[in-house]
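This report introduces a structure to a reader who has not seen it before, taking up a metal site and then the nonpolar interior.

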Amino acid sequence: MPSIILDPGHGGRYSGATHGSNKEEEITLDIANRVRFKLIDVGASPVYQTRYEDEDFGGVDGNDDINKRVDYVNRTFSGYGALISIHVNTALGSTGVYWYDGSKATEYERTESRALANDMNLELFGVGSVWTEDWAILRDTWESCPKVLAEIGQIDDEWSEDYYREAIAQRVTDGILRYFRRYYPI
Ligand SMILES: [Zn+2]
């Protein structure tokens with residue numbers, strides 16, 4: 001099966017949402033690492049990440065850093081089969097897995113992104129969804145493939161508990177596998 005790109009949101013100077021000792025940049029990286037190992041365990045390799053450390057992409061502010069992140073993806077990866085950006089929302093923010101439905105996406109990309117978002121939402125939150133967002137990491141990455149941004153929870157959830165992180169990572173993994181099992185025997 002094709003490679004999967006996991007994109008842990010934020011990092012470096014741009015830490016994202018915080019609540020007490022919970023920091024979005026740290027949680028997204030930890031969840032991505034867990035999901036990568038789980039996917040590799042079931043033979044869904046190769047799996048790559050946009051970052052493996054607490055680092056940013058050299059942007060002069062948060063928005064510019066996202067554009068630099070997009071540039072990095074376009075420079076570094078091609079031919080991948082899915083891109084999954086992982087975020088944790090603020091305490092008042094919405095959770096859910098979102099896809100881009102705009103004119104920069106091919107019809108294939110829109111159809112498959114919606115399917116991946118639906119499968120991940122079913123595993124993470126127990127509901128299928130048609131939620132869309134116009135985010136650069138989905139819109140401006142060049143590859144025509146399923147791409148979603150997952151707000152996997154809120155920053156004041158139980159991220160200090162290992163069992164909680166493990167449960168969420170398993171649900172993210174199960175959502176990705178639910179999608180790929182439509183096409184591959186994994
Ligand atoms: Zn975020």
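## The zinc site

Along the sequence, the residues that donate to the zinc ion follow the spacing H-x13-E-x62-H. In this predicted model, the protein donors of the zinc ion are H10 through NE2, E24 through OE and H87 through ND1, lying 2.1 Å from the ion. The pair of H10 and E24 links distant parts of the chain, since H10 sits in the loop between β1 and β2 (18–19), while E24 belongs to helix α1, 14 residues apart.

These two donors can also be described by their exposure. H10 has a relative accessible area of 22% and is therefore partly exposed, because the buried class is reserved for values under 20%. E24, with a relative accessibility of 4%, falls under that limit and so counts as buried.

## The largest nonpolar core

The largest nonpolar core is made up of 34 residues, and those with the most contacts inside it are I84, M120, I152 and I176. Two or more residues of this core come from each of the elements β1 (4–8), α1 (24–41), β5 (82–89), α3 (107–125), β7 (147–154) and α5 (162–180). Of these elements, α5 gives the most, contributing eight residues to the core.

Beyond its neighbours within four places in sequence, I84 is in contact with I4, I5, L6, D7, L116, M120, V148 and I176.

## A separate core

Another core, which lies apart from the largest one, has 13 residues, including I5, L138, C145 and L149.

Note on methods: Residues numbered from 1 in each chain as written. Predicted model: local features only at pLDDT ≥ 70, side-chain atom pairs only at ≥ 80, totals over all residues. Heavy atoms only, no water. Core = buried A, V, L, I, M, F, W, Y, C linked by side-chain atoms within 4.5 Å. Buried < 20%, exposed > 50% of the residue type's maximum accessible area, 1.4 Å probe, protein only. Helix = DSSP H or I, 4+ residues; strand = E, 2+ residues; numbered from the N terminus. Contact = heavy atoms within 4.5 Å. Donors = N, O, S within 2.8 Å, 3.2 Å for Na, K, Ca; no water.
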